[in-house]
Structure formats: C-alpha cells, structure tokens
Amino acid sequence: MKVSGARKVPGGKLVRVDARVDDDRLVDVVVSGDFFLEPDEALDDIRAALEGVSVDASFEALTARVEEARGDAVMLGFAPRDVALTVMRALGRATTWEDHDFELVDAGPLEPLMQMAVDEVLARQVAEGRRRPALRIWDWASSAVIIGSYQSVRNEVDLDAAAEHDIAVVRRVSGGGAMFVEPGNTITYSLYVPATLVAGQSFAESYKFLDAWVLRALRGLGVDASYASLNDIASPQGKIGGAAQKRFATGGVLHHVTMAYDIDAQKMTQVLRIGREKLSDKGTKSAAKRVDPMRSQTGLEREQVIEALVGEFAESYGLTPVALDEETLAEAEALVASKFATDEWLHRIP
C-alpha cells in the first residue's frame, strides 16, 4: 500500500514523505520538500533511518531516529519533529484543520451541571468517531463557579457567598483554575477534536494552535490579543480569558475557553477566595484589571463578538450548524446524575 503525506512547517518549509507499507513497516521511503539541508548526504541518512520503521512507532521514536540520522547536518526550514509529523500524517495518525469537517453545535441555554456533562459527552463522541469534530458556543442559563478538576472546593470557593448570590458550584473534567460566569457576561466555547489534530504537540503548543483562530478574530475586532503563559488569552489592557484542556484515552481532545465580556468583579471576589487572597491589598478595582472585559476593548455587544468568532472559524475551517440531538441530551442528563451532580465528584478534593 502506498502512503504519502505533506506538512507545511509554520514559518518554515514544506516537507513531504512518500512510502509503501509492507508487513506493517515503511519501505521505499522518499523524503522531499523545499527545505534546505547541508550536507546533501544527510537526506539519504534520514531516509534510511525511516526505512523499515514500524507504522505504529511513536512520534518520539520517529523524531529520535531522524535526530540521530541527521548528525551534525544543518536543517533550515524544518526539523526532525517535522519529518516525524509528516510520516504520521502519511499514515493517517496526524491531521490538519483541513482534513476535518466541523459542526457548530447549538445546545441552547443550559444549566451549569448540564454544561459540564454536554462538554464531556460531545468530546467522547468525537473521540469514539460518533460525531464529527465540533465547535460549541456556550449559552449560560444561570451563574456558576466552575472549578478545575484538581482544585480544592474550600480553597477556591466561599460556599456561603455562592449560596447567597444563588451561584452554582460545579467541577469540570479539565484542569486549570476556577472560572466565574454569569449569563450574558462571559463568552465560553469548546472545541471537540480528534487527538490526531494535535499529534506531536506539547500541551503548550496545542493551546496556541487550537486558539489561533480566536486571536485572529479578536485582532480583527481591534483587540491586540496574544497568548500569555500556558493558557491565558490577554491584551495590553489585561487578561481576557483562560483556556483548559482534557485529553481522553480514547483519542479525543476537549479544549475550552472562557473569556470575560462584562464581568461583575465585586461579586467575583466575594465568591472566589483566590481573588481575595491575590487582591486583598488592591481592592475590587484591581480585580477588574485582572480580567479585563472585552466589552471595554471592542465596544461591541456580546452577540457581535460571538458572530465575529464564529465567522473567523467558518471562514478558516468551515462550519455546519447542527442542533444538539435528543440522544446526546439524554446521555448528558444521565452523566449529570451519575457524576457531575454527586458530592463524590464535586468534593473529590474537599
């Protein structure tokens, strides 16, 4: 069986790998592209290193083979990891945005517990091949604090204050920090993609990769947005939002982001203990600076910002709108009862 794959290195050159698969191993391997490599003989060494390699070889193993084969050769416009990713793409183990048809899932307004459950169900459906990769823009039916999978409830949340303000406290499946959300005041979205889309990428690389379209959309709205640290989206005026990610053993990735549109900073610091500790000497005024609302930076209504985000994604990768089906809703409701609504899940880290 003949296989072939190509990879345009971001900011670099094109790499192409052609080969045959015989008895689950690569044979007759050809590596080509518009890259630069000195000395010439290094290309034969790289090709020879891939000859006979198992089709199941890991990304790390493929990269190590190419790294060893190149020796002291100078590679310009590409690197050993790019050759490894191109091999994986030839074998269908790595994909790009263009390889997928994305859905835009409309779930309507959901309560916090259902948001958590729908997120996991959709991610697992994509991982198991039951659904195409998808984007979902969340619509909150009520206010909530969403803590990360590994956070302590009592360390992060003032439960009395949350109850006083009628704010639900829920735990999500991804790591990261606590989020404070109110209907109409935040923009939350999730991406449900196969692991092949981020094959060979570290968590840090995949965060920027999966949110590149968001940065383009925000810049189109006049916001000088960029990635800060591991998982924050920010501008010179302050933090805009934070991302979190969960990779499932079945081969799917859940990547979600919450961005502040017009946050009630005073209420947030009453409910989130972390806000009090970090801002105790600065007051609520500084809290607004920590999570700077997009409303002040764009001057647009929330719906207009969402429209720009969806428009950028659709133009870049394509989108087919679909409604959340009854089967998925039923699966999510069952997951709420068995997991997300239980004390065992919420207080698994007291």
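**Exercise 1. The two domains**

Which residues does the domain assignment of the chain give to domain 1 and to domain 2? Then describe how the two parts meet.

*Solution.* Keep in mind that this is a predicted model.

Step 1: Start with the bounds. Domain 1 covers 2-93, and domain 2 covers 98-347.

Step 2: Place them in space. Their C-alpha centres are 37 Å apart.

Step 3: Look at who touches whom. Seven residues of domain 1 are in contact with six residues of domain 2.

Step 4: Put an area on the interface. Between domain 1 and domain 2, about 430 Å² is buried, and carbon and sulfur atoms give 45% of that. On the domain 1 side, the residues that lose the most area to domain 2 are Arg 81, Arg 89 and Arg 93, which together make up 62% of what that side buries.

**Exercise 2. Charges across the interface**

How many salt bridges are counted between domain 1 and domain 2? Find a salt bridge made by Arg 81, and say which helix gives the most to the domain 1 side.

*Solution.*

Step 1: The count between the two domains is two salt bridges.

Step 2: Arg 81 pairs with Glu 205, with 3.4 Å between the closest N and O atoms. The cut-off for a salt bridge is 4 Å, so this pair qualifies.

Step 3: Helix H3 (residues 80-90) gives the most to the side of domain 1 that touches domain 2, namely four residues. Sorted by class, that side has three nonpolar, one polar and three charged residues.

**Exercise 3. Salt bridges around helix H4**

Are Asp 119 and Arg 136 buried or exposed? Compare their salt bridge with the one between Arg 124 and Glu 120.

*Solution.*

Step 1: Asp 119 and Arg 136 are both buried.

Step 2: In their salt bridge, the closest N and O atoms are 3.4 Å apart. The pair links distant parts of the chain, with Asp 119 in helix H4 and Arg 136 in strand E8, 17 residues apart.

Step 3: For Arg 124 and Glu 120, the closest N and O atoms are 2.9 Å apart. Both sit in helix H4, and because they are four residues apart, about one helical turn separates them.

Step 4: Check the accessibility of each partner. Glu 120 has a relative accessible area of 5%, so it is buried. Arg 124 is at 30% and therefore counts as partly exposed.

**Exercise 4. A network**

Which residues do salt bridges that share partners join into one network?

*Solution.* The network is made of Glu 103, Arg 131, Arg 132 and Asp 325. One of its residues, Glu 103, forms a salt bridge with Arg 131, the closest N and O atoms being 2.9 Å apart. Both Glu 103 and Arg 131 are buried.

Terms used
Residues numbered from 1 in each chain as written. Predicted model: local features only at pLDDT ≥ 70, side-chain atom pairs only at ≥ 80, totals over all residues. Heavy atoms only, no water. Domains from an automatic or database assignment. Contact = heavy atoms within 4.5 Å. Buried area = accessible area lost by both parts, 1.4 Å probe. Salt bridge = Lys/Arg side-chain N within 4 Å of Asp/Glu carboxyl O. Helix = DSSP H or I, 4+ residues; strand = E, 2+ residues; numbered from the N terminus. Nonpolar A, V, L, I, M, F, W, Y, C, P; charged D, E, K, R; others polar. Buried < 20%, exposed > 50% of the residue type's maximum accessible area, 1.4 Å probe, protein only.
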